[in-house]
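User: Got a structure here I'd like to talk through. Can you help me look at the charged side chains?

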Amino acid sequence: MSRPAARTMWRLAAFAPLLAACAGGDRPPPRHHTVEIRDMAFHPAELRVAPGDTVTWTNRDFVPHTATAPDSAWTSPPLAKGESWQMVVRAPGRGTYICAYHPTMRATLVALATPPVPEIDP
């Protein structure tokens with residue numbers, strides 16, 4: 001096999017898992033994401049996830065908070081300081097969520113149909 005052909009084969013083999021994921025083949029394993037509730041805000045204010053990923057909200061404030069979809073499709077129990085709650089994202093979509101006690105606290109959860117492709121250095 002010529003040297004350029006061998007390099008092409010190596011490159012194709014190296015990117016096969018990425019190509020399969022893009023084509024809907026093997027999906028990457030679910031990931032875990034963390035949202036901190038502090039200073040009367042959700043951090044990060046926007047979180048990008050994929051279906052199957054788990055999101056954990058942890059309250060770092062002195063007052064109780066919730067993470068609640070405005071239509072109440074999902075909601076955490078009241079979280080006291082230091083308490084956490086988890087949710088597995090089931091479907092793609094984009095939505096704002098709030099704290100039921102402090103509705104001016106808002107953040108966005110973006111569940112992409114396919115996970116974002118990581119950037120690859122040339």
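User: Let's start with Arg94: buried or exposed?
Analyst: Arg94 counts as exposed, because its relative accessibility is 58% and the cut-off for exposed is over 50%. Keep in mind that this is a predicted model.

User: OK, and which residue does Arg94 form a salt bridge with?
Analyst: Glu46 is the partner, and the closest N and O atoms are 3.3 Å apart.

User: Where do those two lie?
Analyst: Arg94 is in strand S6, residues 93-98, while Glu46 is in strand S3, residues 46-49. The pair therefore ties together parts that are 48 residues apart in sequence.

User: How exposed is Glu46?
Analyst: Glu46 is partly exposed, at 35% relative accessibility.

User: What about Arg48, which residue does that one bridge to?
Analyst: Arg48 forms a salt bridge with Glu46, and the closest N and O atoms are 3.3 Å apart. Arg48 is partly exposed, with a relative accessible area of 45%.

User: Switching topic: how many salt bridges turn up in the whole structure?
Analyst: A search of the whole structure gives four. One of them links Glu36 and Arg38, with the closest N and O atoms 2.8 Å apart.

User: What's the exposure like for Glu36 and Arg38?
Analyst: Glu36 has a relative accessible area of 25%, which makes it partly exposed. Arg38 is partly exposed too, at 32% relative accessibility.

Conventions:
Residues numbered from 1 in each chain as written. Predicted model: local features only at pLDDT ≥ 70, side-chain atom pairs only at ≥ 80, totals over all residues. Heavy atoms only, no water. Salt bridge = Lys/Arg side-chain N within 4 Å of Asp/Glu carboxyl O. Buried < 20%, exposed > 50% of the residue type's maximum accessible area, 1.4 Å probe, protein only. Helix = DSSP H or I, 4+ residues; strand = E, 2+ residues; numbered from the N terminus.
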